[in-house]
Amino acid sequence: FLYPSHSEGFGNSFAEALSTGMHCICYNNTSLPEYRALGFDYKMVETGNVDGVVGRVLEIWENVIRPPLENREVAKRVFSEKEELTRIHRALYQQNL
């Protein structure tokens, strides 16, 4: 899944692609690098570096790199209803302090 976005805030389509366990490649801008902190495995290249995107695709293709299937479990944990409710509760609690 190639996602060379220049201005995405929170990429729902990127999150959905990650959750399938397919290879994902994006630019290192906006909020997309934050997915790494959540535990997702994917490739990033410098924003606007088309040759870098091509290089990452070739790296995956030529080296027959196994898809990051563990991203499916990370997505279940990170995007679960329980986790969403916990984040909302924390935010509301912080607002009312």
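Which residues touch the most other members of the largest nonpolar core? In this predicted model, local features require pLDDT of at least 70 and side-chain atom pairs pLDDT 80 or more, whereas totals for chains, interfaces and linings use all residues. Residues are numbered from 1 along each chain as its sequence is written, and side-chain values rest on heavy atoms, with hydrogens and water left out.

The largest nonpolar core (buried Ala, Val, Leu, Ile, Met, Phe, Trp, Tyr and Cys residues joined through side-chain atoms within 4.5 Å) holds 15 residues, of which Phe 14, Leu 18, Cys 26, Tyr 35, Phe 40 and Tyr 42 touch the most other members. Helices α1 and α4 (71-78) each supply at least two residues of this core, and the largest share, 4 residues, comes from α1.

The structure holds 7 aromatic pairs, defined for rings of Phe, Tyr and Trp (its six-membered ring) by centres within 6.5 Å, with planes under 30 degrees apart counted as stacked, over 60 as edge-to-face and the rest as tilted. The rings of Phe 14 and Tyr 42 have centres 5.4 Å apart and planes at 85 degrees, so this pair is edge-to-face. Because Phe 14 lies in helix α1 (residues 12-20) and Tyr 42 in the loop between α2 (34-37) and β3 (43-45), the pair ties together parts that are 28 residues apart in sequence; helices (H or I, at least four residues) and strands (E, at least two) are DSSP runs, numbered from the N terminus. Tyr 35 and Phe 40 also form an edge-to-face pair, at 5.9 Å centre to centre and 75 degrees between the planes.

Note on methods: Buried means under 20% relative accessible area, exposed over 50%, partly exposed in between (1.4 Å probe, protein chains only).
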